[in-house]
Amino acid sequence: MILKRRNSVQRKAFTLIEVLLAVAIFAIVLGAINTVFYSALKLRNKTSELLDKSVPTEQAIKIIKRDLANLVPPSGPLTGQLQSTPTTNAIAGVNGPIFYCASGSIDEINPWPDIQKVAFTLVQSTNRFEGYDLVRVVDRNVLAPTPSQPVSQKLMGGVDQIAFQFFDGSQWQSTWDSTLQTPALPKAIKMQIQLLQDRSVRASAQTPIEIVVPVMVEARTNSTTTSTNSTEQT
C-alpha cells in the first residue's frame with residue numbers, strides 16, 4: 001500500500017513584490033514606447049504640414065519661371081511693350097508689369113495662339129486667411145479690339161507683397177519701359193515674393209523668395225543699315 005504524503009509537492013507562485021516589480025517594469029517600457037510613438041507621429045504631422053505648404057510654393061515658382069523664360073520681344077503683331085506701369089495693352093485690375101509670353105497651350109478647342117498676356121498681382125484672400133493671394137492673370141485674346149475678361153489662377157496664399165526688378169546689364173532697376181530703354185528688353189528679370197511674417201521666425205531672419213530668370217531673346221530694331229559699293233570707271 002502506497003501512502004501519499006500531503007504537502008509533499010509545494011506549489012510555486014509569484015510573490016506580491018515580484019508582481020509589483022513586473023508591473024513597474026511594464027509601465028516604464030510602455031511609457032517609453034508611447035513617447036517614441038508620439039514623437040514619430042508629431043514628426044510625421046510636421047513633415048506633412050511642411051510638404052503641404054511647400055507644394056503650392058514650388059508649383060507657383062515653376063509657373064512663374066516658365067512664363068518669364070518664354071518672354072516674347074515687343075516687336076511682333078501679337079506682342080506689346082514691357083512696362084513696369086503699363087499704359088497700353090493693360091489688363092483690367094492689374095497695375096504691375098504685363099509680360100507677353102509664348103507659354104500658352106494650343107489645342108483643337110481654343111482658337112488662341114500660344115502667345116498670351118500674363119500678369120501677377122495680389123488680391124484679398126478668398127478664405128479669409130491673413131495676407132494676400134498671389135494670382136496669375138492671363139489674357140489669351142491679344143488681338144481683341146476691346147479688353148476682354150482675363151482668366152485668374154491662384155498660385156499661392158499667405159503673401160505680403162511682390163516686387164519686380166529688371167537687370168540692364170550692369171545693375172538692377174525697379175522700373176522698366178521698353179519704349180524708352182535700349183535694348184528694349186532687360187537681360188534678366190527678378191521677382192521677389194515676401195511671405196507673410198511667421199510669428200515663430202524673427203523678422204530679420206525671414207527673407208523673400210527670389211526668382212531670377214535670364215531673358216534669352218532680344219528685341220529687333222526698326223533701323224536698317226545699307227551699304228553701297230562704289231566703282232570707278234576708267
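**Close-up views**

**Figure 1. Aromatic pairs, starting from Trp-172.** Trp-172 has a relative accessibility of 33%, so this residue counts as partly exposed. The model shown is predicted. Phe-167 is also partly exposed, at 23% relative accessibility. How many aromatic pairs does the structure hold? There are 3. One of them joins Phe-99 and Phe-164. The ring centres of Phe-99 and Phe-164 lie 5.5 Å apart, and the planes meet at 55°, which makes the pair tilted. Phe-99 belongs to strand 1 and Phe-164 to strand 4, so the pair ties together parts 65 residues apart in sequence. Phe-99 is buried, with 1% relative accessible area. Phe-164 is buried too, at 10%. Phe-167 and Trp-172 form a tilted pair: their ring centres are 5.1 Å apart and their planes stand at 50°.

**Figure 2. The largest nonpolar core.** This core has 27 residues. Which members touch the most other members? They are Ile-64, Phe-99, Phe-120 and Leu-134. Helix 1 and strands 1, 2, 3, 4, 6 and 7 each give two or more residues to the core. Strand 2 covers residues 116-124 and strand 3 covers 132-139. Strand 6 runs over 188-195, and strand 7 over 209-214. Another core lies apart from this one. That other core has 10 residues, among them Val-72, Ile-91, Tyr-100 and Ala-119.

**Figure 3. The contacts of Phe-120.** Neighbours within four places in sequence are left aside here. Phe-120 is in contact with Ile-64, Asp-67, Phe-99 and Leu-134. Its contacts also include Val-135, Arg-136 and Leu-155. Ile-162, Phe-164 and Met-191 complete the set.

**Figure 4. Asp-67 in helix 1.** Is Asp-67 buried or exposed? Asp-67 has a relative accessible area of 0%, so this residue is buried. Beyond residues up to four places away in sequence, Asp-67 touches Cys-101, Ser-103 and Gln-116, as well as Val-118, Phe-120 and Arg-136.

**Figure 5. Ile-162 in strand 4.** Strand 4 spans residues 151-167. Ile-162 is partly exposed, with 22% relative accessible area. The cut-off for buried is under 20%, so 22% does not qualify. Gln-192 sits 30 residues from Ile-162 along the chain, yet their C-alpha atoms are separated by 5.5 Å. Gln-192 is also one of the residues that Ile-162 touches. The others are Phe-120, Thr-121, Leu-122, Leu-134, Met-191 and Ile-193, with residues up to four places away in sequence not counted.

**Figure 6. Ser-84 in a loop.** The loop lies between helix 1 (16-69) and strand 1 (99-101). Ser-84 has a relative accessible area of 16%, so it is buried. Where does Phe-166 stand relative to Ser-84? The two are 82 residues apart in sequence and 9.4 Å apart in space, C-alpha to C-alpha. Ser-84 touches Phe-166. Further contacts of Ser-84 are Asn-95, Gly-96 and Pro-97, along with Ser-174, Thr-175 and Trp-176. Residues up to four places away in sequence are again not counted.

**Figure 7. A nonpolar patch on the surface.** Which residues form the patch? Leu-21, Ile-25, Val-29 and Ile-33 do. Together they have about 380 Å² of accessible area. Leu-21 is found in helix 1. Its relative accessibility is 53%, so Leu-21 counts as exposed.

Key. Residues numbered from 1 in each chain as written. Predicted model: local features only at pLDDT ≥ 70, side-chain atom pairs only at ≥ 80, totals over all residues. Heavy atoms only, no water. Helix = DSSP H or I, 4+ residues; strand = E, 2+ residues; numbered from the N terminus. Buried < 20%, exposed > 50% of the residue type's maximum accessible area, 1.4 Å probe, protein only. Contact = heavy atoms within 4.5 Å. Patch = residues over 30% accessible without salt bridge, like charges linked within 9 Å, V, L, I, M, F, W, Y side chains within 5 Å. Areas by Shrake-Rupley, 256 points an atom, 1.4 Å probe, with all protein chains shown as cover. Salt bridge = Lys/Arg side-chain N within 4 Å of Asp/Glu carboxyl O. Core = buried A, V, L, I, M, F, W, Y, C linked by side-chain atoms within 4.5 Å. Phe/Tyr/Trp six-rings, centres within 6.5 Å; stacked < 30°, edge-to-face > 60°.
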